[in-house]
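Notebook open, coffee at hand. I want to go through this one piece by piece and write down what I look up.

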Amino acid sequence: MPINKLHILVLVASICSTTTALNANSSLFGDDLKDDHTVVLQLQIQLNELGFDAGPTDGAWGRRTAGALDAFYERFPPAAPFSQASQLIDRLQLVHDSWFASPFGPNSDLITPPSSLISNQVFRSDIRYQELSCNDCSVVTFAFGSGDFDGDGVDELVVGQHLVDQNRVAVNEATRTLIIKFDANGENRELVLAGDTPHVSRVHEREAVIADFNSDGVDDLFIAATGVDGPVFYGEQNVLILSSPDGPIDVSFANLPIINDNAHGADAGDIDGDGDIDIVVSTHGSTEKYDSYVLWNDGTGNFRRQILLDLVDDPSLLQLYVNGRSANQYSTMKLADLNGDQFPELLLLSCCQYPASMAQNYNSYALINDQNGAFLAEDKIVFITDRWRNYTFANDADVHDLDGNGLVDVILTQSTQSDFWNGHYLQILMQEEPDLFVDRTAERLWDQGYEIPIELLAFADQSTLIDLDGDGDSDLLTTSSAPAMRSSQLSEAIVQIGINDGAGKFSPLDPRWVSHEGGFSFIGPVVGRFGPNGELMIASHRIYGSYSAERNVTYGVNFYLHRLR
Ligand SMILES: [Ca+2]
Ligand SMILES: [Ca+2]
Ligand SMILES: [Ca+2]
Ligand SMILES: [Ca+2]
């Protein structure tokens, strides 16, 4: 208790000092600037577009304009305090550009490597090879990740498939989960599992977790499966494939609780510090109403379920049902050590809360691991993830010390909703002091104001930090379900790869380079050790189907492997 009181006192003191500094900032504006209609009008427009309420855009300085400026300064503070109004005007322009300016505009420091990208088509998926009752359905393909499940030193590619009908409505029929095995002789094929189930099938796989759950040094695979993605949300059994002396084997119904949950995301980590890898599963509303839960590993890859509500001191952020309605749905949950004590914190990533009045988890949060198998909401860290208000979906969080100050930083991969899931937006939160995360997206990433209408910009699913150019630092690869380019025009491109300058600032890799200047390729890039000797390569795909018939039908995709260096 004394510690908590001290904590509150320190907090209050820091708020007071911040407030003093804030007032000083809008007061940097002298009467000459306040009377400058053009300057004030630009401030108001930019502040309003960034979500700070500056009032009517009338060019007249007032209390609301000053308040919005101060709120902006608090949310996007500079590295050192400002002494002149022009610094604040410039900073507002910088942050506004990072949201709304083109990544390919005059500010862009686009990187085009001197060598050319070597790409080969390596596999074609085709839904017609499966016996389906839905004859004229289209298949939607999602690349999830890579892992070496048969222990031969070469990674396999994990891909989910789900069906939609002619109106893009989800179809309740299971299709195969693809685990594609690359062969040095080019005889690429699906991995065949040992035991009675050569392949697993689900209606809708949502997120894959690749880790060594049975501690034998070979990768295993857990997949959070949703079931049919539409009313009435029946849910379905999740997937678990474990390594064994005979090869990878499907133990979904033997080693997991048998429940038809609507699992929307999952992650792995040793929550209780007993040496084995546990799993956290984020659920959404479904007919059988399963709350989000932890799967405790017994050390051999056998899992026991315990709901998260039992493991937090404050359930208000986690109750899935409040007054009978879905209230706390998280896009996914992540396990990552933020405070350096080796125990992973629980990251709750914001999702689809609507109506807005029910948006209890408008933002994303980290609950602190108590080092005893539970999480503390009392000292939770709030990540402000409001690019699209309560429709902001934070689909992934990557944790890495970008600036080498000994404290890990967070990169969030985000999208939103307009009819379907759309949008591609990365956010960087730097841990500048212990537990203090500051939004440095404007300083560390390219501008992200894409010219493509958001309805046409498929969503960004996850990011991976990995050294792509071999210079010793971590670059940024985003697995987007949109192609790198929709045409040969750069104005219709997105940035999927950012190159680290060594200090944690990323420059965009030229999308024309990865897509060979052609449209609609380089969808869903996933990095893995796919080369014949386990060399790092990127897998991507291009949609394959019939586009000349009465309506477009997607049969599957063509997969490509790209050698980056
Ligand atoms: Ca392998
Ligand atoms: Ca294993
Ligand atoms: Ca454990
Ligand atoms: Ca920790």
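Before anything else, the cut-off I need: I call a residue buried if 20 or more other C-beta atoms lie within 10 Å of its own. I also keep in mind that this is a predicted model.

**Entry: Arg206**

I started with Arg206, which sits in strand 8. Buried or exposed? I found 26 other C-beta atoms within 10 Å of Arg206, so it goes down as buried. Next I looked up what Arg206 touches, leaving out residues up to four places away in sequence. The list is Ala224, Ala225, Thr226, Ala263, His264 and Gly265. His264 is 58 residues from Arg206 along the chain, yet their C-alpha atoms are separated by 6.0 Å.

**Entry: whole chain**

Then I zoomed out. I have eight helices and 32 strands in the protein chain. Its radius of gyration comes to 24 Å, close to the 24 Å that the globule rule gives for 565 residues, so I note the chain as being as compact as a globular protein of that length. Along the principal axes, the C-alpha atoms fill a box of roughly 80 × 60 × 45 Å. Of the 565 residues, 45% are buried. I also checked how far contacts reach along the sequence: taking contacts with a separation of 6 or more, 54% are between residues 24 or more positions apart.

**Entry: two helices**

Helix 4 covers residues 63-75, 13 residues in total. From first C-alpha to last it reaches 18 Å, close to the 18 Å expected at 1.5 Å a residue. I list its buried residues as Thr65, Ala68, Leu69, Asp70, Phe72 and Tyr73.

Helix 5 has 16 residues, 85-100, and reaches 22 Å, close to the 22 Å expected. Which residues of helix 5 are buried? I get Ala85, Leu88, Leu92, His96 and Ser98. Looking down the axis of helix 5, I see these buried residues fall within an arc of 155°, so they line one face of the helix. A reminder to myself: an α-helix has 3.6 residues a turn, so residues three or four places apart point the same way.

**Entry: the sheet of strands 18 to 21**

Here I have four strands in an open sheet, ordered 18-19-20-21, with antiparallel pairing. Why does one side of strand 18 (332-336) and of strand 21 (375-383) lack a neighbour in the sheet? Both stand at the edges, each with a single partner strand, so one side of each is left free of a neighbour in the sheet. On average, neighbouring strands of this sheet are turned by 25° against each other, direction ignored.

I went through the pairings in the middle. Strand 19 (residues 345-349) is joined to strand 20 (residues 364-369) by three bridges, antiparallel. Leu347 has Ala366 in strand 20 as its bridge partner. Ala366 in turn has a bridge partner in strand 21, namely Ile381. Strand 20 and strand 21 pair over five bridges, again in the antiparallel sense. Their hairpin has five residues between the strands, and there Gln371 takes a positive phi near 65°.

**Entry: strands 30 to 32**

Further along the chain, strand 30 (residues 523-528) pairs with strand 31 (residues 537-546) over four bridges, antiparallel. For Val526, the bridge partner in strand 31 is Ala539. Strand 31 is also joined to strand 32 (residues 553-563), by ten bridges and antiparallel. I noted Ile538 opposite His562 in strand 32.

**Entry: odd backbone**

Last, the torsions. Pro231 and Val232 are joined by a cis peptide bond, omega about 15°. I place Val232 in the loop between strand 9 (220-225) and strand 10 (239-242).

Ser215 isn't a glycine but has a positive phi of about 55°. Where is Ser215? It is in the loop between strand 8 (205-211) and strand 9. I count 15 C-beta neighbours inside 10 Å, so Ser215 is partly exposed.

Asp435 is another residue other than glycine with a positive phi, near 70°. I find Asp435 in the loop between strand 24 (420-433) and strand 25 (436-439). With 13 other C-beta atoms within 10 Å, Asp435 goes down as partly exposed.

Key:
Residues numbered from 1 in each chain as written. Chains lettered and ligands numbered in written order. Predicted model: local features only at pLDDT ≥ 70, side-chain atom pairs only at ≥ 80, totals over all residues. Helix = DSSP H or I, 4+ residues; strand = E, 2+ residues; numbered from the N terminus. Expected span 1.5 Å × (residues − 1). Buried ≥ 20, exposed ≤ 12 C-beta atoms within 10 Å, placed from the backbone. Pairing = 2+ DSSP bridges. Axes fitted to C-alpha atoms, helices over the stretch in contact; angles between N-to-C directions. Arc of directions from axis to C-beta. Rg over C-alpha atoms; globule rule 2.2 N^0.38 Å. Contact = placed C-beta atoms within 7 Å.
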